[in-house]
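Here are some short exercises to work through with the model open in your viewer. Try each task before you read its solution.

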Amino acid sequence: MSKELAFTDDNDVVKYLDTTTAFNLALTADGVAFDLTNAKSILVKIANDDGYIMQQTIDLTTVTSPLGGTLSFPINQDIMNTLVPDDYDIEVWVTMKDGTQAIFPSDGTLGFSIEENLMSDTGEVIPTITLNDFQQQFDDLSNQMENAVHNVHKGDQGNPGNGIKSANNQYQLSDSPVTVPTGGWSDTILATTDQLPYLWTKIIFIYDDGTTKEINFVSSRGDTGSQGPIGPVGPQGKQGNGLVVRGKADKEENLPTTGNNQGDGYLVGTDLYIWIDGSWQNMGSITPDLADYVKVADMNNALNAKVTDNHDGTEQLNGVQVQPYNKLSDTIGGRNLLLGTSSAKVRNSSWQNFINVDVTNLIGTTLTYSAILDITKCTQGSIIVSLTPQNSSGKSIGDSVSSNSIKFGNVGKAIATITIPAGASNLSIVEFANNTDLNPYVGSRKLEQGSIATDWTPAPEDKVNVSDMRKPASDVAGIEEVNTKQDKIGYTPADDSKVVHNSGTEEIAGQKTFDTAPIDKTTGHPYITKDGVPAVSDTLADTTKDANFMGKLQKSGIDVATTTDVSKTVNTATANMVDTTKPANFTAGLQVNGTDVATKDEIPSNTNTNDPRVDKLIRNLTYVILDMTANDSSIIGIQDSLINQLKQGL
């Protein structure tokens with residue numbers, strides 16, 4: 001923006017000591033009146049060829065046409081007391097309410113002049129006289145002056161002067177060119193800034209009588225000037241002594257010591273020696289150190305390792321996504337804190353899968369979660385992973401952190417890093433599918449310390465699966481570790497000389513054959529095969545003959561009875577059994593409930609059958625008969641007949 005300054009009435013001249021005059025100024029920007037409505041202050045600065053002289057503040061209330069960009073600069077008595085007849089340059093500095101500042105004009109300055117008045121030089125009108133008269137008057141004036149000089153009397157001594165004893169300069173920066181700053185002053189000059197563009201200078205005069213007086217000046221940092229013209233070309237320098245290699249020497253002691261010029265050189269092996277100021281100086285080997293040079297093969301290999309920016313905070317190296325590593329801030333853990341993970345991808349059972357991890361002992365620790373997310377079969381949506389620290393009540397603590405997003409039709413590694421805040425006891429990990437038409441496949445889940453996601457490895461507590469056996473050499477147990485663990489095993493490994501081997505050469509019906517028959521470790525007998533029993537001992541049972549047990553035959557530790565044992569026991573048991581085909585003869589007597597039963601002969605013949613005692617006797621006898629015959633169906637039919645006969649006999 002080009003800013004212009006001009007006199008509205010073309011009046012740029014004023015008589016010295018004429019205090020009724022004012023300069024009327026017009027401010028424009030790119031030819032349009034500059035709006036002074038939001039002006040905070042207006043300063044008119046004046047200088048001449050000797051430098052800056054003064055500034056005058058314009059009373060904003062006197063700006064009658066702020067939209068027109070015009071103002072009046074009165075030439076008052078104070079200005080006339082400062083300025084003398086001369087040519088001057090003028091600038092107008094406008095500070096706006098928003099702190100911006102405009103200086104008019106942009107190019108150069110606006111000039112004005114103060115001219116002398118008639119009183120600036122005094123004199124008298126010389127009348128017309130003859131030459132003789134002039135000579136006479138001149139002689140008279142000379143005599144008067146000479147007499148006056150001889151007759152001058154010495155005057156009284158004046159009062160002692162009050163001179164300046166010392167002066168002290170102090171400095172302070174300010175954002176205002178009008179108001180003297182009230183802060184602390186510095187004894188050294190300060191450099192202005194964009195916020196404090198004005199440098200105030202305070203000069204403290206100390207007089208001989210001890211009194212002081214302060215004077216303040218203000219200056220501002222100007223705009224950077226344009227580059228000055230290129231200076232003239234300097235004179236041609238003297239011809240220098242170039243390096244001249246004169247020859248070689250087998251060692252330093254054999255270098256020539258005479259006839260050498262400044263700058264002569266000799267080679268001693270690969271070292272270059274130069275004659276400088278009367279002696280040889282070793283400048284070092286002239287053979288380059290090829291260790292710092294890149295070989296063609298290395299350059300080709302480096303060019304083949306293509307790195308691609310994915311524009312999502314990650315990069316691809318040879319087509320594989322990697323996480324950038326900042327050695328100043330990033331850290332690497334590597335140990336998987338999640339149990340039961342696998343490199344195999346499985347489909348989540350829902351669109352939002354939760355994993356909770358105890359982080360009570362990980363306060364202040366930076367953790368990184370990574371997983372391979374696969375939605376190649378989806379036709380819409382995306383997946384992200386969210387990490388949220390929680391307290392013991394399940395309430396979120398601090399901010400959640402989200403991973404990079406995997407869009408539908410793609411597979412990639414989602415990575416999220418979080419620092420566990422104080423008060424957290426659980427980290428909630430959520431694999432979140434957003435508007436997908438299928439649940440995602442997820443694998444290679446890993447939570448590790450540090451801010452870098454490393455390749456998946458199982459947690460040390462997990463058993464190693466066959467699919468996880470492809471490990472780096474650093475993860476494979478050495479023979480010492482295997483021997484140490486084997487010492488803790490409760491069995492002895494098999495002796496190779498005593499185990500069964502197959503021949504490895506013969507096959508019968510697709511089965512391997514053995515060089516020798518398998519032997520039972522306890523008995524030393526061969527195992528029975530489907531083709532027969534090996535002829536090892538005659539004591540083995542022959543299934544085609546009666547089994548003859550020379551020892552005892554037992555069941556559950558009890559001897560099994562033989563045929564003889566059974567017959568003897570049966571005969572003994574049946575010897576005392578009642579023969580139902582003969583009358584029962586109780587030689588020891590017959591009792592019922594401990595009372596002897598009466599016989600037929602003991603009962604009188606004329607006994608009254610209505611006697612209750614007879615009835616009791618009959619009942620007792622009937623019970624005996626019933627007990628004896630209860631299990632013999634052949635005599636059940638004669639019970640009633642026997643009872644009737646007893647009654648008749650009685």
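Keep in mind that the model is predicted.

**Exercise 1. Find the strand neighbours of S10, and say in which sense each one pairs.**

Start with a single pair: Val13 has Ser113 in S10 as its bridge partner. That contact belongs to the pairing of S2 (residues 13–15) with S10 (residues 110–115), which is parallel and spans three bridges.

Now take Asp89, whose bridge partner in S10 is Gly111. Here the pairing is between S8 and S10, and it runs antiparallel over five bridges.

**Exercise 2. Describe the second largest pocket: what is its volume, and which residues are closest to its centre?**

First, the volume: the second largest pocket holds about 520 Å³ of space. Its lining has 17 residues, and those closest to the centre are Trp93, Ile103, Arg221, Gly222 and Asp223.

Next, look at the strands. S8 (86–96) and S9 (101–104) each give at least two residues to this lining, and S9 has the largest share, with three.

Last, sort the lining by chemistry: six residues are nonpolar, six polar and five charged.

**Exercise 3. Work out the strand order of the open sheet that contains S23, and find its edges.**

Begin with S23 (residues 366–374) and S29 (residues 441–449): seven bridges join them, and they run antiparallel. One of the bridge pairs is Asp374 with Tyr441 in S29.

Extend outwards and you get four strands in the order S21-S29-S23-S27, with antiparallel pairing. S21 (346–347) and S27 (411–419) each have a single partner strand, so they're the edges, and one side of each has no neighbour in the sheet.

**Exercise 4. Which parts of the chain do the salt bridges of Asp374, Arg246 and Arg445 tie together?**

The count of salt bridges comes to four; let's take three, one at a time.

- Asp374 pairs with Lys345, with the closest N and O atoms 2.9 Å apart. Asp374 sits in S23 and Lys345 in the loop between S20 (320–322) and S21, so the pair ties together parts 29 residues apart in sequence. Asp374 is buried at 11% relative accessible area, while Lys345 is partly exposed at 39%.
- Arg246 meets Asp264 at 3.3 Å, N to O. The residues lie in S14 (residues 244–249) and S15 (residues 264–268), so this pair links parts 18 residues apart. Arg246 is partly exposed at 46%, whereas Asp264 is buried at 3%.
- Arg445 and Glu431 come within a closest N and O separation of 2.7 Å. This pair links S29 with S28 (residues 426–434), 14 residues apart. Both Arg445 and Glu431 are buried.

How values were computed. Residues are numbered from 1 along each chain as its sequence is written. This is a predicted model: local features need pLDDT of at least 70, side-chain atom pairs count only at pLDDT 80 or more; totals for chains, interfaces and linings use all residues. Side-chain values use heavy atoms; hydrogens and water are left out. On a 1 Å grid over the protein atoms alone, a cavity is a set of points where a 1.4 Å probe fits but cannot get out, and a pocket is an open set with protein on both sides within 12 Å along at least five of seven lines; lining residues have an atom within 4 Å of a point. Grid points are joined across faces, edges and corners, and a volume is the space filled by probe spheres set on the points. Ala, Val, Leu, Ile, Met, Phe, Trp, Tyr, Cys and Pro count as nonpolar, Asp, Glu, Lys and Arg as charged, and the others, Gly among them, as polar. Two strands pair if DSSP finds at least two bridges between them. A salt bridge is a side-chain nitrogen of Lys or Arg within 4 Å of a carboxyl oxygen of Asp or Glu. Buried means under 20% relative accessible area, exposed over 50%, partly exposed in between (1.4 Å probe, protein chains only).
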